[in-house]
Every structure is written in C-alpha cells, then in structure tokens.
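Please examine the sequence and the model shown below. The paragraphs that follow lead through selected parts of the fold.

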Amino acid sequence: MATAHDVSSKVFQVDTLDLGNGRVEQIVKGGRNLLPLLPKAFAGVKQIGVIGWGSQGPAQAQNLRDSLEGTEIKVKVGLRAGSTSEAEARKAGFTQEKGTLGEMFDVIKESDVVLLLISDAAQSELFGKVFEHLRPGATLGLSHGFLVGHMKNVGAKFPTNINVVAVCPKGMGPSVRRLYVQGKEVNGAGINASFAVEQDIDGRATDIALAWSVALGSPYTFRTTLESEYKSDIYGERGILLGAVWGIVESLYRRYIAAGQSHEEAFVNSAESVTGPISKVISKQGILALYEGLDAAGKKTFEQAYSAAYPAARDVLEEIYDDVASGNEIRSVNQAGGRLKRRPMGKIDGTEMWKTGEKVRAKRDEAKIPLNPLTAGVFAGTMMAQVDVLLEHDHPYSEVANESVIEAVDSLNPYMHSRGVAYMVDNCSITARLGTRKWGPRFDYVLQTEAYVALDSGAPVDESLIEAFKANPIHAALAACAKVRPSVDIFVE
C-alpha cells in the first residue's frame, strides 16, 4: 500500500491531528474564514470546469461557485451534448447565456482546472479523449480513484504535462451540498474530504487540491493516495456503508419476525435502530459507547451478537478487499456497462420489508425507537471487521475512520433514516449500486447461516474478540476526529 506524504502548503495552515497511541496525521481545517485565500491558492486559474452532473457534480459545482463568488474565477459545468441533465444544471443557475454551461469537451479544452465527475463507467470509456482535450499545464481533478484503478488494469498513464489531484468528500453529493448550505450559518459545517496528489508538474498541485476542498466546505481535509482512496472507497461502499448495512437489516428483520415480532416491530428493531439511535451514538460518542451505554443484560446480548457477527462478516469483507485490490471489482463494474444498456438495474424498494418501512416512517416517534443491543452488536461487529481489514492493509487512520465510520453515521445513514435503506441502495452511484447488489445478499446469507446459527446454538462468546474490540485503536482515532467535528448535524427533509 502506497503511503501518503507530509502535507506542505504555501497558502493554508497545516495542523496535526493526534489520533492516539503515537499516531499523528496532518490535516487542513476548513471554514468560511479561509475563502479569501482561494484566489491565492488558485493563482493563474481563470476557469474551473466541473464535468458531469451525477452525484457529486451538482454539489461541487454549486459549492465552488458560491465559495468563489466575487473573484475572477469562473465555474463552468460541462455536459455531453443533449444531456438530460442540462435542465437540472440550468435550474441550479448554470446556463449557456451566462457562459457557465457548455459541451463537456469544449469545457475541458478551455479550463485550467478540470474536475472529472462523470460516472466511473464513463471515465473508463472516455479517459483517453479527456486527456487529449486537456491543455498543457492544466490540473485534472478526480473525486474518486476508480479511474486510477482502471488505468492500472489496462496499463495506461496520465499525460506528463498536467497536474493530477483528487479531493474525495466522505459523503454523497447531496450531503456535500446540504451541509455546505447549513454551514452558511455555522462556520466549518460540511463533509470531511481526503485529498491526493498523483502528479505535480509545477509545485502547485497541493494548494490547488486544498483550495478545492476548502471551497467545497470540508471541515477538515486529510492526505491519502489515489490508490489507497479507491481501495478503501470501493471496499467501504460494498461493506458497512451500503452493502453490509442492507444485508444486516434484511437478515435481522426476518429474524425478529420469526421470533414473534410484528412486521412493524421487526422493522423498528432492525433498520430503524441502525439508522436512528445506533448511528447517533456512534456519530457523537464513538462505537465503544454503544456497548458502554447498555445495562448488564444489554452488554451480554451485544457481546453474543458481536462475537457471532464479526468473524462471519470479516470473511466476506476480506474477499471484497481482495477483489478490489486485485482490480477484479473494477473490471466487474466495467463489464456491467453493456448489460445495463440492455436492461437497467431494478429496484429493491417494492418488497414487503421496505413497504413496511414506509408505513413505519410515516408515523415515526423518534423517542420510541430502541437501541436494540442485538442489532447494535451485529452492526458494530461488521463495522469493526471492516475497520480491522483496512488497518491491516496500512490505510491511514483518518481514512479508515472516515470511510468506515464517519461517512456511514454522518452522511449516509441520516439519509437512510429519512428515506429508507432501500432508497439509498436504489439511488447511489452506479458503481455503488452494482457493488451493493453483488455483496449485500452475501452479508445477509453469511449472517443467516453462520452468525445467527452461532447465536441460536448458544456458542460461547469469544472473549478475545470483545477485548480486542474494547482496545481497538480506532476508538482513539474517532475521539480525535470528533474534536474537529462541526457542531451541525445534517438535516434531511
């Protein structure tokens, strides 16, 4: 695993974050007080081209435009000719008449900084043509390392006459935008981001990347590499961020019904418990607080569930990581392109469980949603298995904390709580939707056939797993991250 280098900026103050146990990483804290520094960091940049209008495009284009208001730097959106997204871009204020909307390759050709936010499949298909249109000395920006993984698979290289950087918000686009808007009232509110410098031809790449992240409203930005980012990101969305949480709540829903609960009670104790009180406790107090806040009986149930779920989930998580690291998962996404042209992906929201969920949310009383200790143990066991796999592959602690915990409880799960897990599974990026559909049922199956069998057979608690959970260094890292966490929680209507 390639490691991130020290952060050195000519414009922004670089701080250190003590993650406990002698682990110190460098970060750049965000905030609207830094917006006046953007012209200096973007020195020489007259136009930033935002290419694409998918999950990240709308948020990033609007945040950049708002942050750069009053400067001479133009933010222009580039779309494919005849794109169905043109109406949405115009509604957001990007128009041909204003010179802020154009055909994607024209925008690429004329921009000093090009943020390539089209779908992963489109990047795989079009990256060669994109490279041909980049002007010498331009900066190519990515918000995901998928393209790097694909280029590694096919033996391609970036042009040598451009900067290549990444800023990767740890949340989906709507969260990036919504928290930025909320941050107009509270300085520093937003979604954390990682940044990477893949290629620096003129010594400006780091400051351009940091300016981009600050302009998006990131409360803090930490350094990684594009290889580390795509491995942790693609892995994470197939794990606890999307695939695993779907498998967990589906399996627990059936289990609670089999135990005699009504369908609505089962939904409350599975999906509602995860996206509600369990996520809120982790968000504000950390994973360990789930356990420490339980009474003696609850702790015993949590330990039993954790001990059963951790090894079962870890088997699947290790397989996912291997598939991502080897390039197989990226190949799988690209291979799906042809199939999706013939038959688009279906949705999961029509099944009985998710119809029950609609009824539950319609009459929800937040105060009555329980923090179910069995559900908490299964969820925490799976989350910690994901954390441990990443740590054992030498990912930076800040990346592990954000990709496996903070993004889940501060960005994705609040949307799931408002609109349903099925909504998220059906409306995330194509890459994430493909991975969720591939691996979510695997988590459901392995929990059903291994974890719950162990519970029902009265298998003894693996005390070494519980002690390792209590002593895991991720708890100190999360506590450190919490110190720079904005006071604003995302609000989802």
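In which helix is Tyr-230 found? Tyr-230 belongs to helix 9 (residues 226-238), where helices (H or I, at least four residues) and strands (E, at least two) are DSSP runs numbered from the N terminus. The model is predicted, so that local features need pLDDT of at least 70 and side-chain atom pairs count only at pLDDT 80 or more, while totals for chains, interfaces and linings use all residues. Residues are numbered from 1 along each chain as its sequence is written, and side-chain values use heavy atoms, with hydrogens and water left out.

Tyr-230 counts as buried because its relative accessibility is 3%; buried means under 20% relative accessible area, exposed over 50%, and partly exposed in between (1.4 Å probe, protein chains only). Leaving aside neighbours within four places in sequence, Tyr-230 has contacts that include His-144, Phe-146, Lys-152, Val-324 and Ile-330, contact meaning heavy atoms within 4.5 Å. Tyr-230 and Cys-168 are 62 residues apart along the chain, and their C-alpha atoms are separated by 9.8 Å.

The sheet comes next. It is an open sheet of 10 strands in the order 1-2-10-9-8-7-6-3-4-5, with mixed pairing; two strands pair if DSSP finds at least two bridges between them. Strand 1 (15-18) and strand 5 (101-103) stand at the edges with a single partner strand each, so one side of each has no neighbour in the sheet. From one strand to the next, the twist averages 30°, with axes taken as lines fitted to C-alpha atoms (for helices over the stretch in contact) and angles running from 0 to 180 degrees between N-to-C directions.

Strand 7 (residues 139-142) is covered on both faces: Thr-139 and Gly-141 are buried on one side, and Leu-140 and Leu-142 are buried on the other. In a regular strand the side chains alternate between the two faces of the sheet. Strand 6 (residues 113-116) runs parallel to strand 7 and is joined to it by 4 bridges, and Val-114 has Leu-140 as its bridge partner in strand 7. Between these two strands the chain passes through helix 5 (residues 120-133), in a right-handed β-α-β crossover. A crossover is right-handed if, with the strands pointing away from the viewer, the path from the first strand over the helix to the second runs clockwise. Strand 7 also pairs with strand 8 (residues 163-169), in the parallel sense and over 4 bridges; Asn-163 in strand 8 is the bridge partner of Thr-139. Here the chain crosses through helix 6 (residues 146-154), and this β-α-β crossover is right-handed.

Antiparallel pairing is found between strand 2 (residues 24-29) and strand 10 (residues 220-223), over 3 bridges, with Thr-221 in strand 10 as the bridge partner of Val-28. Helix 8 (residues 205-216) packs on the sheet, and the strands it touches include strand 2, strand 8 and strand 10; its direction makes about 25° with that of strand 8.

Helix 7 (residues 173-182) is largely enclosed by the rest of the structure, because 7 of its 10 residues are buried. Among the buried residues are Val-176, Arg-177 and Tyr-180. Their cover includes helix 2 (57-67), strand 8, helix 8 and helix 17.

Helix 17 also takes part in a pocket. The second largest pocket holds about 700 Å³ of space, and of the 42 residues that line it, the closest to its centre are Ser-283, Val-409, Asp-410, Arg-485 and Asp-489. A pocket is, on a 1 Å grid over the protein atoms alone, an open set of points with protein on both sides within 12 Å along at least five of seven lines, and lining residues have an atom within 4 Å of a point. Grid points are joined across faces, edges and corners, and a volume is the space filled by probe spheres set on the points. Helix 17 gives the most to this lining, with 10 residues.

Two loop residues complete the tour. Arg-364 lies in the loop between helix 15 (352-362) and helix 16 (373-392) and is partly exposed, with a relative accessible area of 24%. Its contacts, leaving aside neighbours within four places in sequence, are Glu-272, Ile-369 and His-417. Asp-394 lies in the loop between helix 16 and helix 17 and counts as exposed at 55% relative accessibility. The phi of Asp-394 is near 65°, a positive value in a residue other than glycine.

Note on methods: 1 Å grid on protein atoms, 1.4 Å probe; cavity = no way out; pocket = protein on both sides within 12 Å on 5 of 7 lines; lining within 4 Å.
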